[in-house]
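Hi everyone, thanks for coming. I'd like to walk you through one model today, so have a look at the screen and stop me if I go too fast.

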Amino acid sequence: MYIYNVTTNIEETAHDSWLQWMKETHIPQVLSTGKFLSAKFTKVLVEEDMGGYTYSVQYTVPDKATLDRYYEEDAPALIESIQKKFAGQLVSFKTELEVVDEYFVQRATATHFLFTYGTLQEREVQLGVFARPLNGFEDELPSYIISDQKIADLYPTLQHTGEAEDSIKGQVYTLSHQELQKADVYEGEAYERIEIQLASGKKAWAYIAKF
């Protein structure tokens, strides 16, 4: 995994409008390219000799090839939009970081089961969303199939059939309440979280499209 870090010093006079624009417009636009797993927006706690305020955005990306595609396909237009809106008011530089290893502390008590059938089973996605790999177990969701309809023609969703012979195999993960909220953010507005009962008898959460 790689981290694409962008550090920016913004002039004090443009600070408030830039900060709002970053939160509401720019960072969501970068994530909407589909190249990155997550973003962390931080303020650098240092008094700058050059004045202004310094911030860092760290985008996690699964591999260098994906980052290179971002540079080629998306970065030029996004950089141009920054320069047009805040010309002469900021200085930015980028840094590429390769994740060598990761270490995790014991998580808070996990109380929720989440049934997954798509990208949340991928280790890179789990690291980006939860900052840890998940250990799960296999279970089945009866009376459902994977729908022929896909979100944005790419992402799968469930379809309830009511037929006893239908079922979907998936992985079930145990999450804390805070981690479940992170999963909500990852799945986004296109999905809603519903409570389902698995073949094992366990009750769990699952995401289904808001068609």
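I'll go through a strand, then a helix, then a couple of odd loop residues.

One thing up front: this is a predicted model, so please keep that in mind throughout.

Okay, strand 1. It runs over residues 2-10, and 9 of its 9 residues are buried. Now, a bit of background: in a regular strand, side chains alternate between the two faces of the sheet. So which residues of strand 1 sit on one side, and which on the other? On one side you've got Tyr-2, Tyr-4, Val-6, Thr-8 and Ile-10. On the other there are Ile-3, Asn-5, Thr-7 and Asn-9. Both of those faces are covered.

What does strand 1 pair with? One partner is strand 3, residues 53-61, in the antiparallel sense, over 9 bridges. If you want to find that pairing on the screen, look for Ile-10, whose bridge partner in strand 3 is Tyr-53. Another partner is strand 4, residues 90-98, also antiparallel and over 9 bridges. There, Val-6 has Lys-94 in strand 4 as its bridge partner.

On to helix 1, which covers residues 15-31. It has 17 residues and spans 22 Å from first C-alpha to last, close to the 24 Å expected. But don't picture a straight rod: helix 1 has a kink of about 50 degrees, centred on Met-22. Met-22 is also one of the buried residues of this helix, along with His-15, Trp-18, Leu-19, Trp-21, His-26, Ile-27 and Val-30. And what do those buried residues pack against? Quite a list: strand 1, which we just met, plus strand 2, strand 3, helix 2, helix 3 and strand 4.

Last bit: the loops. Ser-143 isn't a glycine, yet its phi is positive, about 70 degrees. You'll find Ser-143 in the loop between strand 6 and strand 7. Then there's Asp-153, again not a glycine, with a positive phi of about 60 degrees. Asp-153 is in the loop between strand 7 and strand 8.

Here's one for you: is Ser-143 buried or exposed? Its relative accessible area is 16%, and the cut-off for buried is under 20%, so Ser-143 counts as buried. And Asp-153, buried or exposed? Asp-153 comes in at 70% relative accessible area, so it's exposed, given that the cut-off for exposed is over 50%.

That's my tour, so over to you for questions.

Definitions and conventions: Residues are numbered from 1 along each chain as its sequence is written. This is a predicted model: local features need pLDDT of at least 70, side-chain atom pairs count only at pLDDT 80 or more; totals for chains, interfaces and linings use all residues. Side-chain values use heavy atoms; hydrogens and water are left out. Buried means under 20% relative accessible area, exposed over 50%, partly exposed in between (1.4 Å probe, protein chains only). Helices (H or I, at least four residues) and strands (E, at least two) are DSSP runs, numbered from the N terminus. Two strands pair if DSSP finds at least two bridges between them. The expected span of a helix is 1.5 Å times one less than its number of residues. The bend at a residue is the angle between axes fitted to the seven residues ending there and the seven starting there. Contact means heavy atoms within 4.5 Å.
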